[in-house]
Every structure is written in structure tokens, then in C-alpha cells.
Amino acid sequence: MSKVVVRSLRARVGLVAALAALLVLTAGAGVFAQQTVVIGTLGPLTGDYASYGVSVANGVELAVNEANASGQYNYVFRVQKEDTRGDSVQAVNAINKLIELDRVTAIVGAVLSGETMTAGPIAQDEGVPFITPSATAPAVSEIGDYEFRNVITDDKQSAQMIDYVVNTLGLQRIAVLYTNNDYGVALRQGVEAGVRAAGAQLVAVESFLDGDSDFTAQLTNIAAANPEALYIAGYYTEAAQIARQAQRIGLNVRIMGADGFDSPLLVELGGDAVEGALFTSGFDSETDDPAARAFIEAYEAAYGVKPDMFAANAYDSARIIIQAINQVGPNRAAVRDAIAATTDFPGVTGPTTFLENGDADKPLLIFEVQNGRFVRVR
Amino acid sequence: MGVLGQQLLNGLVTGSAYALIALGYTMVYGVLQLINFAHGEIYMVGAFVGLLLVTVVKLPFLAALPLAMLAAALVGVTVEFVAYRPLRRSSRLAVLISAIGMSIFLQNVALWIFGPATRSFPPPFQVSVLQIGPLRTNTLALLTLGVALVMMVGLHYLVRHTKTGKAMRAVAQDRDTAALMGINVNRTIALTFLIGSSLAAAAGVMVGMLFNAVVPTMGVMPGLKGFVAAVLGGIGNIPGAMLGGIVLGLAETMGVALLSSQWRDAIAFAILILVLLYKPSGLLGARVEEKV
């Protein structure tokens, strides 16, 4: 049996791939052929939360393009983007595809807390390191040692916001309206802790579901409790609608929220109803820091809009991954160890260090909506 | 008391929108014994046309509302012509599946044209907050109630006191006999779709402005709720649909107010199940035996 017969489909595919690889290698003959390393990213590129997902994907893409253009790295990096539509089930399919089909070395994502809680454990089991630039639910850090989080957690965000409105603005009667998912519940818990710590009063706690559009019943209950400030624990779409509906039932109180507010669409959808609203975020797009300014200009040039916190965190996360791969090579376990060892990484969102549980230690800012613009107040 | 009264008012506003949607279900069921599952999408089309007329064409509300109703009505009649009329002599299951297909089709066309993001629907007039005794409301909520009331009174008059209404009732009672009496059955059925769809569109425009949100998937839940309201009131019964909508809106709002928002949809569908179990003919439905 000296004749070679290619029987199985897999063998044929393998042969074609080998030939193709040979072709690529010979095409690059003479120069040192750099190995391509794939970095995956997943998040809602369409749907209600698309604003976040698109920002994250852009941030990752910009970091990778800059790394490739700089010529300082031992590898060529390629981004593979997957759309989750913000759906926790779709996120599982997306991360499986990134790991099995695209053979990514590391991942930036997922974007929402809910989808990170379903997709994250899969990357953990497969031993693929991932940095979420935005999933802020406390439980995310329990996924395991391949999970990293380059954003400040929900409960810390809301607790610091309550501290600010109670101790700096002098408001005492706090109400909270939370979306009943991982994100909203964690924010609510932070509000409760913050209120206890500051010695203020929590006068009303109401909830809603993802995709609700009628909030009048909850707002009526809240108005009856006569609060001075309303913490909306949710995303920009609902926050804008809630602010409008609150205005229409005559509930004119200070509105507060977390990084879920951080989208130009908050003002577009909410108009004058979100004027004066406060929110916490990890990135200031008006900063004077030269490295951050360079990022902001490059981002604006590439995508025509100013980067938000999601883009900035994703940009930093991708750069941390690129640096790790460059140091130790495209080995998933070695990259995990290199990411874990990150200390005072000079990010556009501030110096970043990963703690033992995978959470980033970095500064938190507070913004106010003034004349439709986000102005940093702390 | 103040809060309870306030919540009753909220429920009344939500309920009046459900009632407008329920009317379309019940009228179509009356003449065709068909649950028109594409009805929620007609509501969505109405909201989008209204949004475009107000924000792009810059029409005032009083011009935008009837035009949005007309546009959605034409879509409703087209759906009937394309998806239901060819199946009129087929089994009822075939038409039902066709209706579900139409619902998915319209939703995807809207997704394709408008994209998946939620759009803001700014009312083309100043909304002011009003204080009536212990109750606080706003001009938009009152306008929604007013529009719903006018539509319902108008529909009642049309069905009870005009020749067209008589024709509709005759077709509902017995299509073949009505045809023998010289009633143009096709025209009457088309007219039913026209009226039902325009009412749904009115609800879509009002709710879009009230909650400041227009999105291609917005018709799904209200469509189902409108169906629940129609069954609650007695499917095929026009005053029943109005009553069913109001009762459902009140029950949901009170559920959110007294229990928690998690219960909103559960309450609606628990009502559906209870009605189907204990009073399948609905609140106002006549106890008619199935014709053999």
C-alpha cells in the first residue's frame, strides 16, 4: 500500500490547510514571517445595549491596529468580534465560537454582567484568559482565576455615589429603582450599604424588568415616599425613559446612576429630563492627560465619535493582553499569569493593577449632565 | 388614598391602550374567527409612522395621528388580502400560522428599516403636569384617555347605528347568509381590518409618546396583552374588549403598585388562564354554543 489515498474529509481539509500555510510562508519568503495571534471580543453589537458593545469592539480594534502599526511586537494581532445582542444565551454561543473556531488566545468581554456570567465560566473551563471591560456585577469575580475585570464593581460605584450625594450635596431621603438583573441588584445593594454608611434614609425601593417601558406605577409609589434623590440602577435606555416619566408625574428630584448612564444616547433619549443627573464612571473624555488625549483623538479619527468609558476600558484591556502575549507568547495559561501580574499599567483610565480576585484597582469619577454634556464634578 | 387613586389613574391610562388593541382582535375574531397575531405589529407600525410624521415631517399631533392610523390601516388591510384571504376556506390552523408568520415578517421588516435601537418619541406639544385634587397627572396621559374614549364611542356608534356596522354584525353572525342578503363580504371583512388596525395604530402612537419609546419589538407584549384583554372581555364582543382592556390595565398596575413589577406579566397571563378555565366566554361574552 504505497499509494496515498486521502479519504476522510478532515484529512483533506488538513491537507488544504497545510498547502495554504506553505503558500503563505513562501509568499513571505525572505522576511521573518510573524505569527498571527487572535484576540476575541464579544458583546452587544446590535440591540438595546449596542452602544456599549460597539464601543468595546472599537476600543479593542483600535488597540490592536495601533499595536500592529507600531512594529514593536513579536506577533501580528487580529481581532475577532462576536455579537451577543446583549442576550445571555447568545453570549454562550459567541464565546464557544471564539474559543473553538477562532482559537483565540485571550478575550476582551463580555460587556454586560448577565452575559459575562454565562459566557465567562466557559472561558474559565477552557482555560482562556478574559478581561471584561464593563461587567460590574460583584459575582463576576467569582468565575475563577482566568477572569479579570478592568472596571470598578457596581456595589462600589453606587456606594460612592450615595456617599457623594449625602455628604457633599446634603440630600438625605434616597429612593432606588432598580432593574431586576445582576447589574441592578448589585447597584441596589451598594445603595443600601452606602445609605447605612452615610446615615441617610432609604425611603423607597422599587424594581422593573429588562425591556419594560411603563414605569408610572413604580414612580407613583416612589413619589409618595417624597424622596430628595432617585438612584436609577439600570442602563441608559430605561434611565432616560424613567427620567421623562418621573418628570411627567411631577417627581422632580436629583437623578443618579452608575456607568450604565455613560452613553450620549442618555441625553438624546432623555433630553431635559436627565439634566442634572449624576453618574459614576471610570473615564473622562475631556481629560488633559496626554496619553489619554492621544487615545481620544485616535478614536475620534477612526470612528467619528468620542470614546466613552466602555471604549477606554476595552482599549486598556486589549493593550494589557497584547503586552502579556508579547512577553510570554500566545500560550493561554502563560498569558493568564502575565495579566495577573499587571501592576500600575499606564492605562488611559488611570494606573491599573489587578487584585487577587481579578478586579482592577483604579480611580472612580463622578459626572453631572450639564446642558446635555457630561461634566466631571469629582 | 392619594397613592391608590393615583395608581388607579395610571392603570386606567394603560388599560385604555390595551382596550384599543383588544378591539382589533375582537372585531377580526368576530367576522373571521381568527386570532390575528400580526395585530401587535400593526400597533408597532402605527407608532413608527406617527414618530416619522412628528419628527421628520414635523406635522402637528392632530394631523399625525389620523395619518398614522390610515397608514397602519392600509398595512392591516394588505395583510388580510395577502395572508388571510387566500386561506379563507382552509382550516383555521392554516390562517393562524399565516398570522404568526405575518407577525414575524412585519417585525423583521421594521428591524431592517429602523434598526434595533429604541427611539425616543417626543410629543409635538408641551406636556405639563396637572394637579386634580389629590391626583397628579399630565396632559399627555389625559390626551391618551381622551383619544381612547373618542375612538371607542365612535366605534360603538359605527357598529350599532350605521349600515356598515349592521353589515359587519351580519357577517359576524353568518357569513354565507350575509352574502345571500347582498352584503359584500370581502369588502366588509377588509373594512373590519381597516378599522381594527387604525385603532391599534392610535394606541401605538399614544403609548409611544407616553413611554417615550418606539422599537420594532414593541408590539409583541402589548399584542399579547390586547389578546388577553379581548378574551377577558369575551372574544368577539366589542364592549367586552373595552372592559377587558381597562380591567387588565388596572389589575397590572395595582399588581406592580402593591406587589412588585415582577408580577406585571404574570398577572396578565394568570388572568387569561383563569378566564379560560372558569369563564371561557369572558366577562361580557354570550354563552353561545359552537355552531354545528
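## Strands, cores and contacts in a predicted two-chain model

In chain A, strand S10 (residues 278–281) and strand S14 (residues 365–370) pair in the antiparallel sense, with 4 bridges between them. Please keep in mind as you look around that this is a predicted model.

**Around strand S10 of chain A**

One of the pairs that link these strands is A:Ser281 with its bridge partner A:Leu365 in S14(A). S10(A) also pairs with strand S9 (residues 254–257) of chain A, here in the parallel sense and over 2 bridges. In that pairing, A:Gly257 stands opposite A:Phe279 of S10(A). Together with H9(A), the strands S9(A) and S10(A) make a β-α-β unit, and this unit is right-handed.

Is strand S10 of chain A covered on one face or on both? Both faces are covered: A:Leu278 and A:Thr280 are buried on one side, and A:Phe279 and A:Ser281 are buried on the other.

**A three-stranded sheet**

Further on in chain A you will find an open sheet of 3 strands in the order S11-S12-S13, with antiparallel pairing. Its edge strands are S11 (345–347) and S13 (360–361), each of which pairs on one side only. Strand S12 (residues 350–354) is joined to S13(A) by 2 bridges, the two strands running antiparallel. A:Thr353 stands opposite A:Asp361 of S13(A). As general background, strands of a sheet pair through backbone hydrogen bonds, either parallel or antiparallel.

**Two domains and the nonpolar cores**

Chain A is divided into domain 1 (35–151 + 287–362) and domain 2 (154–281). The centres of the two domains, taken over C-alpha atoms, are separated by 28 Å. Where they meet, 12 residues of domain 1 and 14 residues of domain 2 take part in the contact. On the domain 1 side, the largest share, 3 residues, comes from H4(A). That side divides into 6 nonpolar, 4 polar and 2 charged residues.

The largest nonpolar core has 118 residues, and A:Ile39, A:Ala318 and A:Ile321 touch the most other members. Helix H11 (residues 309–328) of chain A provides the largest share of this core, 12 residues. Domain 1 and domain 2 of chain A each contribute at least three residues to this core.

Which residues does A:Ile321 contact, leaving aside its neighbours within four places in sequence? They are A:Ile39, A:Ala106, A:Val108, A:Ile131 and A:Ile339. There is also a second, separate core of 88 residues, which includes B:Ala201, B:Val205, B:Met218 and B:Met242.

**Where the chains meet**

The contact between the chains takes 26 residues from chain A and 23 residues from chain B. On the chain A side, at least two residues each come from strand S7 (201–208), helix H7 (216–224), helix H8 (236–248) and helix H9 (264–270). H7(A) gives the most to this side, with 6 residues. By character, the chain A side divides into 7 nonpolar, 13 polar and 6 charged residues.

**Backbone details and exposure**

A few backbone angles are worth a look. Most residues other than glycine have a negative phi, and most peptide bonds are trans. The table lists two residues with a positive phi.

| Residue | Phi | Loop |
|---|---|---|
| A:Arg103 | near 50 degrees | between helix H3 (88–100) and S3 of chain A |
| B:Lys58 | near 60 degrees | between helix H2 (39–55) and helix H3 (61–84) of chain B |

Why does A:Arg103 count as partly exposed? A:Arg103 has 14 other C-beta atoms within 10 Å, and the partly exposed class lies between the exposed limit of 12 or fewer and the buried limit of 20 or more. B:Lys58 counts as exposed because it has 9 C-beta neighbours inside 10 Å.

The peptide bond from A:Gly109 to A:Ala110 is cis, with omega near -5 degrees. A:Ala110 sits in the loop between strand S3 (106–108) and helix H4 (113–126) of chain A.

Over in chain B, B:Ile273 lies in helix H11 (residues 263–278). B:Ile273 is exposed, because 10 other C-beta atoms lie within 10 Å. B:Ile273 and B:Ala38 are 235 residues apart along the chain, and their C-alpha atoms are separated by 22 Å.

Notes
Residues are numbered from 1 along each chain as its sequence is written. Chains are lettered from A and ligands numbered from 1 in the order in which they are written. This is a predicted model: local features need pLDDT of at least 70, side-chain atom pairs count only at pLDDT 80 or more; totals for chains, interfaces and linings use all residues. Two strands pair if DSSP finds at least two bridges between them. A nonpolar core is a set of buried Ala, Val, Leu, Ile, Met, Phe, Trp, Tyr and Cys residues joined through C-beta atoms within 7 Å. Domain bounds come from an automatic or database domain assignment. Two residues are in contact if their C-beta atoms, placed from the backbone, lie within 7 Å. Ala, Val, Leu, Ile, Met, Phe, Trp, Tyr, Cys and Pro count as nonpolar, Asp, Glu, Lys and Arg as charged, and the others, Gly among them, as polar. A crossover is right-handed if, with the strands pointing away from the viewer, the path from the first strand over the helix to the second runs clockwise.
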